[in-house]
Amino acid sequence: MKFVAFCSIVLLLLLTSCKEKTTTSTNDIANGKTLFADLQCAACHKENQKIIGPSLKEMAKIYKAEGASIAQFLNGESNPIIDPSQYDIMKINIEETKKRTPQERAALEAYIMGFE
């Protein structure tokens, strides 16, 4: 009887946490899209095409494959992994994203990772 009660509580907690994560993720993506536009990231990053920087799809694919964090990169906490030769161009933007909250950087990451 105690085992059934315990399992029921664990299941309830798992279902609740999954629901909250989905809601937050949806909000993060929307907030990230807005921030992407506000920071004018699209001047260098397009969905499917490399302009100055890599495409959003390429970023998402590589960061996922590497298990890396875009948010950490945007905070200046990790090195560029896609095209280090273009990093000097991105340095000014890194300074701007460092001024944002951790939640905003996470939202940018959620938006970009949605293209994978």
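1. Setting aside neighbours within four places in sequence, M90 is in contact with H45, F73 and L74, where contact means heavy atoms within 4.5 Å. M90 belongs to helix α4, helices (H or I, at least four residues) and strands (E, at least two) being DSSP runs numbered from the N terminus. The residue is buried, its relative accessible area being 19%; buried stands for under 20% relative accessible area, exposed for over 50% and partly exposed for in between, with a 1.4 Å probe and protein chains only. Between M90 and L74 the C-alpha to C-alpha distance is 9.5 Å, at a separation of 16 residues in sequence.

2. On provenance, this is a predicted model in which local features need pLDDT of at least 70 and side-chain atom pairs count only at pLDDT 80 or more, while totals for chains, interfaces and linings use all residues. Residues are numbered from 1 along each chain as its sequence is written, and side-chain values use heavy atoms, with hydrogens and water left out.

3. The overall architecture is helical: the chain has five helices and zero strands, and its pattern along the sequence reads α-α-α-α-α. Of the 116 residues in the chain, 26% are buried. Among contacts between residues at least 6 apart in sequence, 52% join residues at least 24 apart.

4. The length of helix α4 (residues 87–98) can be checked against expectation, the expected span of a helix being 1.5 Å times one less than its number of residues. For the twelve residues of α4 this gives 16 Å, and the end C-alpha atoms are 15 Å apart, which agrees.

5. Which residues of α4 are buried? They are M90, I94 and T97. These residues cover an arc of only 60° around the axis, so they sit on the same side of α4; the arc is that of the directions from the helix axis to the C-beta atoms. An α-helix has 3.6 residues a turn, so residues three or four places apart point the same way. The cover over the buried residues of α4 includes α3 (70–74) and α5 (102–113). On the face turned away from the buried side, α4 carries the exposed residues D88 and I92.

6. Beyond α4, K99 lies in the loop between α4 and α5. K99 is exposed, with a relative accessible area of 62%. K99 and N75 are 24 residues apart in sequence, and their C-alpha atoms are 8.6 Å apart in space.

7. Helix α2 (residues 56–66) has the buried residues L56, M59, A60 and Y63. Viewed down the axis of α2, these fall within an arc of 95°, so they line one face of the helix. The face turned away from that buried side carries the exposed residues K61, A65 and E66. G67, just after α2, takes a positive phi of about 65°.

8. How are α2 and α5 packed? Their axes are 8 Å apart and make an angle of about 105°, axes being lines fitted to C-alpha atoms, for helices over the stretch in contact, with angles from 0 to 180 degrees between N-to-C directions. The two helices are therefore roughly perpendicular to each other; in this scheme, angles under 35 degrees count as roughly parallel, over 145 as roughly antiparallel, 65 to 115 as roughly perpendicular and the rest as oblique. The contact is made by L56, M59, A60, Y63 and K64 of α2 together with Y111, I112 and M113 of α5.

9. The aromatic residues merit a separate point. Rings of Phe, Tyr and Trp (its six-membered ring) pair if their centres lie within 6.5 Å, with planes under 30 degrees apart counted as stacked, over 60 as edge-to-face and the rest as tilted. By this rule there are three aromatic pairs. One of them is the tilted pair of F36 and Y111, at 5.3 Å centre to centre and 55° between the planes. This pair links distant parts of the chain, with F36 in helix α1 (residues 2–38) and Y111 in helix α5, 75 residues apart.

10. Both partners are buried: F36 has a relative accessible area of 6%, and Y111 has 12% relative accessibility. Y111 also pairs with F115; the ring centres are 5.2 Å apart and the planes lie at 90°, so the pair is edge-to-face. F115 is buried as well, with a relative accessible area of 17%. Ring pairs thus join F36, Y111 and F115 into a cluster.
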